[in-house]
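Let's take a walk through this protein together. Have the sequence and the 3D view open as you read.

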Amino acid sequence: MGMQFGIFTVGDVTTDPTTGITPTEHERIKATVAIAKKAEEVGLDVFATGEHHNPPFIASNPTATLAYIGAQTSRIILSTATTLITTTDPVLIAEDYAKLQHLTDGRVDLMMGRGNTGPVYPWFGKDIREGINLALENYALLRRLWSEDVVDWQGRFRTPLQGYTSTPRPLDGVAPFVWHGSIRSPEIAEQAAYYGDGYFHNHIFWPAQHAQQMVRFYRQRFEHYGHGTQEQAIVGLGGQFFMRKNSQDAINEFRPYFDKAPVYGHGPSLEEFMESTPLTVGSPQQVIDRTLSFRRYIGDYQRQLFLIDHAGLPLKTVLEQLDLYGEILPTLRAEFASLRGPGVPDAPTHASLVAAAGGAKDSTVYAPADDATGTTDRDLGDPAVQAALTAG
């Protein structure tokens, strides 16, 4: 799979400005599932959900959401659009996403991010002024929890670990692929480059030149740390579109959503925003042309995700957007493939990571001895062990 196409959601609960109707949390949660299933139906490769713990969002507990979707899909990769490495215990992340790997047969990866909502940090006992340090320390621990069967660790932000084994172990002995997501933080790009992980630039709200600078910085640092050439770095982009068969129909329909959107409304006009950012509102061909233009200033990249269910758009409209996305998908795949330079790596998948590791490995870790007898929970059913205990 040379390049992956998909969608991401931030899970906002926003009033539809054309009807005045605000979906309930229940309706928005169920709509998220319907959108993900539709994404697989139209042939997309990835569905990603953000992580928010504050209203007006329903994107808390992404593992439950992705597991539920995973049980109703068979092919699409399930990702986070942000996993809060700052406020979420890395021990919990290690367990949750390894479990999700097993449940979905490897159809899972993560996008690490700091989170920039100040009040959320103290809810989890953290200080936003330590955001960068938390991201660095917690991710370093997470990597060890997935790569080492037994971990001894001590840091600044959580209690020490002694002889700790995270369970279940990663599927086939291979941890989920990790992207580091950011809009404006060079520290996160540096972290991605240091480990040779993927870098995902959100690519919304900001001019193209900003995305170009951030991705270029990541590529340079990726090469600096010896992971390969700049062209071999793993890059993902966000974006946003609204399509109708006729471009003016698209603009007329989407304008009230843009004008009232909590995130980017009440500022530049729709036309100004489209000119200065990757937002594309128009015909399918316009979306194709604009998306292909990203490559001119980013270079070859591996993943393209679009935000399409925001700003109060009703579920029916979002599903129609997905139908149109499915229609242009073959063209996008073919055009990007034809432009792809030699030696550019494909988008990572569980299968490609297993192959790179030399094949699947048994990830079972047997329990350590419980006491001085050297017995384990697995041993207790063994007649020989029971006899030895009785005799002792």
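What follows goes from one helix to a pocket, then to the salt bridges, and ends at a strand and a surface patch. One thing to keep in mind from the start is that this is a predicted model.

A good place to begin is helix 5, which covers residues 131-147. Does its length add up? Let's put that another way: how far apart are the end C-alpha atoms of helix 5? They are 24 Å apart, and that agrees with the 24 Å expected for 17 residues at 1.5 Å a residue. Now look at which of its residues are tucked away. Gly-131, Leu-134, Ala-135, Glu-137 and Asn-138 are among the buried ones in helix 5, and so are Tyr-139, Leu-141, Leu-142, Leu-145 and Trp-146. While you look at those positions, it helps to remember that an α-helix has 3.6 residues a turn, so residues three or four places apart point the same way.

Helix 5 also takes us to some empty space. Rolling a probe the size of a water molecule over the atoms shows where such space is left. The second largest pocket holds about 420 Å³. It is lined by 19 residues, and the closest to its centre are Trp-146, Ser-147, Val-174, Ala-175 and Pro-176. Which helix gives the most to the lining of this pocket? That is helix 5, with 4 residues.

Next come the salt bridges. A search of the whole structure turns up 20 of them. Since we're already at helix 5, take the one between the side chains of Arg-143 and Asp-197, at 3.4 Å from N to O. Arg-143 belongs to helix 5, while Asp-197 sits in the loop between helix 6 (186-195) and strand 9, so this pair links parts of the chain that are 54 residues apart. Arg-143 has a relative accessible area of 30%, so it is partly exposed. Asp-197, at 7%, counts as buried because the cut-off is under 20%.

Elsewhere, salt bridges that share partners tie Arg-244, Glu-253, Lys-316 and Glu-320 into one network.

Another pair reaches further along the sequence. The side chains of Asp-323 and Lys-38 meet at 2.9 Å, N to O, in a salt bridge. Asp-323 lies in helix 11 (residues 315-339) and Lys-38 in helix 1 (residues 25-41), 285 residues apart. Is each partner buried or partly exposed? Asp-323 is partly exposed, with a relative accessible area of 34%, whereas Lys-38 is buried at 14%.

Then there's Asp-109 with Arg-303, whose side chains form a salt bridge at 2.8 Å, N to O. This one joins strand 5 (residues 108-113), where Asp-109 is, to strand 13, where Arg-303 is, across 194 residues of sequence. Both ends are hidden: Asp-109 is buried at 3% relative accessibility, and Arg-303 is buried at 0%.

Stay on strand 13, which runs over residues 303-307, and you'll find Leu-307 there too. Leu-307 is buried, with a relative accessible area of 4%. Its C-alpha is 10 Å from that of Gly-11, even though the two residues are 296 apart in sequence.

Finally, come out to the surface. Phe-205, Trp-206 and Val-263 form a nonpolar patch there, with about 270 Å² of accessible area together. Phe-205 is in the loop between strand 9 (198-201) and helix 7 (208-224), and at 31% relative accessibility it counts as partly exposed.

Key. Residues are numbered from 1 along each chain as its sequence is written. This is a predicted model: local features need pLDDT of at least 70, side-chain atom pairs count only at pLDDT 80 or more; totals for chains, interfaces and linings use all residues. Side-chain values use heavy atoms; hydrogens and water are left out. Helices (H or I, at least four residues) and strands (E, at least two) are DSSP runs, numbered from the N terminus. The expected span of a helix is 1.5 Å times one less than its number of residues. Buried means under 20% relative accessible area, exposed over 50%, partly exposed in between (1.4 Å probe, protein chains only). Patches are made of residues with over 30% relative accessible area and no salt bridge: like charges are joined within 9 Å, nonpolar side chains (Val, Leu, Ile, Met, Phe, Trp, Tyr) within 5 Å. Accessible areas come from the Shrake-Rupley method with a 1.4 Å probe; for residues, only the protein chains shown count as cover. A salt bridge is a side-chain nitrogen of Lys or Arg within 4 Å of a carboxyl oxygen of Asp or Glu. On a 1 Å grid over the protein atoms alone, a cavity is a set of points where a 1.4 Å probe fits but cannot get out, and a pocket is an open set with protein on both sides within 12 Å along at least five of seven lines; lining residues have an atom within 4 Å of a point. Grid points are joined across faces, edges and corners, and a volume is the space filled by probe spheres set on the points.
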